[in-house]
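Colleague: I'm new to this structure and would like a close look at a single part of it. Pick a stretch you find worth a visit, walk me through it slowly, and then show me what surrounds it.

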Amino acid sequence: MSGEEEENAAELKIGDEFLKAKCLMNCEVALILERKYEQLQQMSEDPMNQVSQVFEKSLQYVKRFSRYKNPDAVRQVREILSRYQLAEFELCVLGNLCPETVEEAIAMVPSLKTKGRVHDDEAIEKMLNDLSLIKKFE
Amino acid sequence: MFLKVQLPWNVIIPADSLDSEGLMLQRQIVIRLLNEFAVKKATKDHGYFLAVTTLESIGEGRVRQQTGDVLFPVVFSGITFKIFTGEILEGVVVKVLKHGVFLKCGPINNLYLSNLKMPDYNYFPGENPFFMNDKMSKIEKDVTIRFIVIGTKWMEAEREVQALVSLDGDYLGPVP
């Protein structure tokens, strides 16, 4: 790995380009890829032939690893997490792994506890509570 | 991590396909873009190319002197998959060996988890080998594992990413 700072997502050291990039949660990607696949089904008898291996494997993956399936729920997850001053990258890790406790959330996204950031345990707990409510109504 | 990217691309329409105009030409450009995108598979910078979501713009065509082809600079939005050192992800075990296991995650097939990075897990050989710790937590084929990425490598020839992962850390390991 070249460059002055070594890459480390745990500290949000992922490069300026990716810090500013829009990240997508597995459940969001699932909705997009499924929609694309449906479009292909309408246009062709053998849609699986039309998509790349990368598409196929990714679709399989996001279907298996989406914690939320309902499009409204997916929207709500993004909406709720967006209230907490998170980097895109952090938001998606949380939305993908759905930690159940504050301790687990910090283990999954250590950068939350970097000096100077506003996330005390109470805020993180509230965030996790809000997320768990969505799951109940899915 | 799945990323939404906006990328420039040069689509080349060969001279003998240039009899179409307007919407037909646009359609040709899109079809070529989608094909090239699928064939390219991945890059070192952006990871694996999954899908094109929108065509943002098509610039003015430029004739290439040698061949008579026309080059159209386009900008499109798409989805890619890229993993970062220090990132925590979930994946599935595909193969169990004495010295470690191979996992798949997204479009990536060869993430390697060495037994040295599976604290307290022991290897149990057999027709369906597995690793297990004293809390009866099992790592075998098709099990979901939550891991941390400790290194990535871009393989230029195969246009693939290989990664080393680890279970060293809290809340990592098999996911029920």
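Modeller: Let's go to α6(A), where Phe89(A), Glu90(A), Leu91(A), Cys92(A), Val93(A), Leu94(A), Gly95(A), Asn96(A) and Leu97(A) are all buried. Keep in mind as you look that this is a predicted model. The helix spans residues 88-97 of chain A, and with nine of its 10 residues buried, α6 is mostly covered. Notice that the buried set includes Glu90(A) and Asn96(A) alongside residues such as Leu91(A) and Val93(A). Step just past the end of α6(A) and you meet Cys98(A), which has a positive phi of about 45°.

Two cysteines have now turned up, Cys92(A) in the helix and Cys98(A) just after it, so let's see what sits by their sulfurs. A disulfide is a covalent bond between the sulfur atoms of two cysteines. For Cys23(A), the closest cysteine sulfur belongs to Cys92(A), but at 5.0 Å it is too far away for a bond. The cut-off here is 2.5 Å between the two sulfurs. Cys23(A) is itself buried, with a relative accessible area of 0%. Cys98(A) has a similar story to tell: its sulfur is the nearest one to that of Cys27(A), yet 7.8 Å lies between them, and Cys27(A) is in no disulfide. Cys27(A) is buried too, at a relative accessible area of 3%. Count over all chains and you get zero disulfides.

Now zoom out to the chain that holds our helix. Chain A has eight helices and one strand, and along the sequence they run α-β-α-α-α-α-α-α-α. You'll find that 48% of its 138 residues count as buried. Take the contacts in chain A between residues at least 6 apart in sequence: 63% of them link residues at least 24 apart.

Chain A also has a partner. In all, 36 of its residues touch 37 residues of chain B. Together they bury an area of about 3100 Å², and carbon and sulfur atoms account for 65% of that. On the chain A side, look for Phe18(A), Val54(A) and Tyr61(A): these three supply 18% of the area that chain A buries against chain B, more than any other three residues.

There is open space to explore as well. The largest pocket holds about 910 Å³. It has 26 lining residues, and the ones closest to its centre are Lys36(A), Leu40(A), Met43(A), Val30(B) and Leu34(B). Both chains feature among the elements that give two or more residues to this lining, namely α2 (26-43) of chain A and, from chain B, α1 (22-40) and β3 (47-58). α1(B) makes the largest contribution, with nine residues. By character, the lining splits into 15 nonpolar residues, eight polar and three charged.

Before we stop, one last spot over in chain B. Phe124(B) belongs to strand β9, residues 122-124, and is partly exposed, with a relative accessible area of 33%. Setting aside neighbours within four places in sequence, Phe124(B) contacts Pro129(B), Phe130(B) and Met132(B). Asp170(B) is 46 residues from Phe124(B) along the chain, and their C-alpha atoms are 24 Å apart. Compare that partly exposed residue with the mostly covered helix where we began.

Methods. Residues are numbered from 1 along each chain as its sequence is written. Chains are lettered from A and ligands numbered from 1 in the order in which they are written. This is a predicted model: local features need pLDDT of at least 70, side-chain atom pairs count only at pLDDT 80 or more; totals for chains, interfaces and linings use all residues. Side-chain values use heavy atoms; hydrogens and water are left out. On a 1 Å grid over the protein atoms alone, a cavity is a set of points where a 1.4 Å probe fits but cannot get out, and a pocket is an open set with protein on both sides within 12 Å along at least five of seven lines; lining residues have an atom within 4 Å of a point. Grid points are joined across faces, edges and corners, and a volume is the space filled by probe spheres set on the points. Helices (H or I, at least four residues) and strands (E, at least two) are DSSP runs, numbered from the N terminus. Ala, Val, Leu, Ile, Met, Phe, Trp, Tyr, Cys and Pro count as nonpolar, Asp, Glu, Lys and Arg as charged, and the others, Gly among them, as polar. Buried means under 20% relative accessible area, exposed over 50%, partly exposed in between (1.4 Å probe, protein chains only). Contact means heavy atoms within 4.5 Å. Buried area is the accessible area (1.4 Å probe) that two parts lose on being put together, summed over both.
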